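Notebook open, coffee poured. I want to look up two things here: what surrounds the ligand, and how a few of the helices pack.

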Amino acid sequence: EKINLVHGAHRDGKRPDEAMKKWRGYGLGQFIHWGLYAIPGGEWNGKTYNGAAEWIRSWDGIPKSTYDSLIYKFNPVNFDAKAWAATAKQMGAKYVTITTKHHDGFCLWPSKYTDYTVANSPWKKDIIKPLVDAYDAAGIDVILYFSVMDWNHPGWRYDIKTEADSIAFEGFKQFTRNQLIELLTLYPTAKGLWFDGTWDKSWVKQAAFADELEQELRKLRPGIIIGSRFRADEYGKRHFDSNGVLIGDYEQGWERKLPEKIADVHGNDWDCVMTVPENQWGYNKAWKGHIKTAFELIEMTAKSVSLGGNFVMNFGPQGDGAIRKEELQLAKEIGDWMKVNSEAIYNCEYAVLDKQDWGYFTKKTGSNKIYMLVFNTPINGKYRVKLPAKMGISMAAPLSNPGVKLKIEEIKANEYFIEFNNPSAKQPFVITFETDTDKKSNQNYE
Ligand SMILES: C[C@@H]1N[C@@H](c2cn(-c3ccccc3)nn2)[C@H](O)[C@@H]1O
């Protein structure tokens, strides 16, 4: 039976309000990881750091003080917020998550609670404000990424072992609260906060503080969206509290991995954040290992939406502020596909249909329109569709050519072949049909 929790989940099930409905329908998003780590780009003194480039400070190949002095090299002469927003627009992203402060503690906004910010770099100017303005102007909602873990702050601790730790961490907790209130006050159009760096014992032990802080932030910015990674319950349980209920507004555990089946998402909202290389978020000069193609990223987007989530593709701009050409190319290729097929992605949800080998089903929210996103064409040109009993199917057509009536053959109760020969297909494509609960309306198109 249920444990009596004070700092567990305060809500169960999907948030029903308009702000969350809009979030649920985004489909495709952009992550931006940018900061001092983009300057070394995973290399130092001719040596290559084998970890994720934004973690280079944790490598013993670069002295911590040397890394920290990168603030004096931050002068991104090619930074152009409008160009970044235009790239996201071209790709078809509906939201962007931007690092305001990563684990290294460097703030891309002129925080008044630390000197370790853009204000004390050669660049001097706020980076977050022009980005929020440019993305807002492009109609792309902004979510602010914030790392609780802050390697630059003297009060940060990985665990609280002594009285001295406890006193230092109290100061760190106030600093964290101050910065979060500062971010929501300076950038009031931000739709959410994406927390990271919250797995260490020091923070996990702050269930009461974090719970009160989350509630204070929600009061300050009603409707703000905060995921499951921000806080633990009083028993140290993260993402799902001690009663198994999701903490926060959506599941934030899908980092560089995707759910396989609908049961994996426990009826919650969720998004998947994904790197283009295997595991690089910040700019890494050596664009090595398997680099995901537009086809793979489109398939991950389709799979995410087919399981009720959103897909967020990461960009790691260079130290000079330009987006690398490989990422620009991917944005264009994905955008070209979205231009034709985004109806099957935006404001779509899990279709409650059995997955078939040819690809993924999505369903337009609030309608009976179903989309079949095809990644594997059957040699015989027949696409299997199983429907629940009493549900009919009609009007099958290629999304890109609605005038083409595709033949629907009922091969047994509630099971159909939709016929579509598309031998020249080199890109994923979409077939759409309508369902109706009135089975009589089945037509076999000749
Ligand atoms: C969204 C992504 N989360 C950060 C991260 C966290 N971790 C990590 C590594 C070891 C233990 C726990 C978490 N690895 N990467 C990455 O640096 C990036 O910001």
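**Entry 1, before anything else.** I'm working from a predicted model.

**Entry 2, ligand surroundings.** I listed the residues around the ligand and got His-33, Glu-54, Trp-55, His-102, His-103, Tyr-145, Trp-194, Asp-196, Trp-199, Glu-255 and Trp-281. Next I went after polar side-chain atoms facing ligand oxygens. Glu-54 has one at 2.7 Å from an oxygen atom of the ligand. For His-102, I get 2.8 Å between a polar side-chain atom and a ligand oxygen. Tyr-145 also puts a polar side-chain atom by a ligand oxygen, with 3.4 Å between the two.

**Entry 3, α3 on α4.** I moved on to helix α3, residues 81-91, and helix α4, residues 128-137. Their axes come within 8 Å and cross at roughly 40°. I checked the angle classes: 35 to 65 degrees falls outside both the roughly parallel and the roughly perpendicular ranges, so α3 and α4 are oblique to each other. The crossing of α3 over α4 is right-handed. Which residues make the contact? From α3 I noted Ala-81, Lys-82, Trp-84, Ala-85 and Ala-88, and from α4 Pro-130, Leu-131, Ala-134 and Tyr-135. Sorted by class, the α3 and α4 contact has eight nonpolar residues, no polar ones and one charged.

**Entry 4, α3 on α9.** I then followed α3 to helix α9, residues 325-341. The two pack at about 35°, and their axes are 7 Å apart. On the α3 side I wrote down Thr-87, Gln-90 and Met-91. Those meet Leu-328, Ala-331, Lys-332, Ile-334, Gly-335 and Met-338 in α9. My class tally for the α3 and α9 contact reads five nonpolar, three polar and one charged.

**Entry 5, α8 on α9.** Last pair: helix α8, residues 294-306, against α9. I get an angle of about 55° and axes 9 Å apart, which means α8 is oblique to α9. Left-handed or right-handed crossing for α8 and α9? Right-handed. In the contact, α8 supplies Ala-294, Leu-297 and Ile-298, while α9 brings Leu-330, Glu-333, Ile-334 and Trp-337. The α8 and α9 contact splits into six nonpolar, no polar and one charged.

**Entry 6, cross-check.** I went back over the α9 lists. Ile-334 turns up in the contact with α3, and Ile-334 is also listed in the contact with α8.

How values were computed:
Residues are numbered from 1 along each chain as its sequence is written. This is a predicted model: local features need pLDDT of at least 70, side-chain atom pairs count only at pLDDT 80 or more; totals for chains, interfaces and linings use all residues. Side-chain values use heavy atoms; hydrogens and water are left out. Axes are lines fitted to C-alpha atoms, for helices over the stretch in contact, and angles run from 0 to 180 degrees between N-to-C directions. Angles under 35 degrees count as roughly parallel, over 145 as roughly antiparallel, 65 to 115 as roughly perpendicular and the rest as oblique. A crossing is left-handed if the near helix is turned anticlockwise from the far one by less than a right angle, and right-handed if clockwise. Contact means heavy atoms within 4.5 Å. Ala, Val, Leu, Ile, Met, Phe, Trp, Tyr, Cys and Pro count as nonpolar, Asp, Glu, Lys and Arg as charged, and the others, Gly among them, as polar. A residue is near a molecule or strand if one of its heavy atoms lies within 4 Å of it. A polar contact is a pair of N or O atoms within 3.5 Å; within protein, one must be able to donate a hydrogen and the other to accept it, and residues adjacent in sequence count only if both atoms are side-chain atoms.
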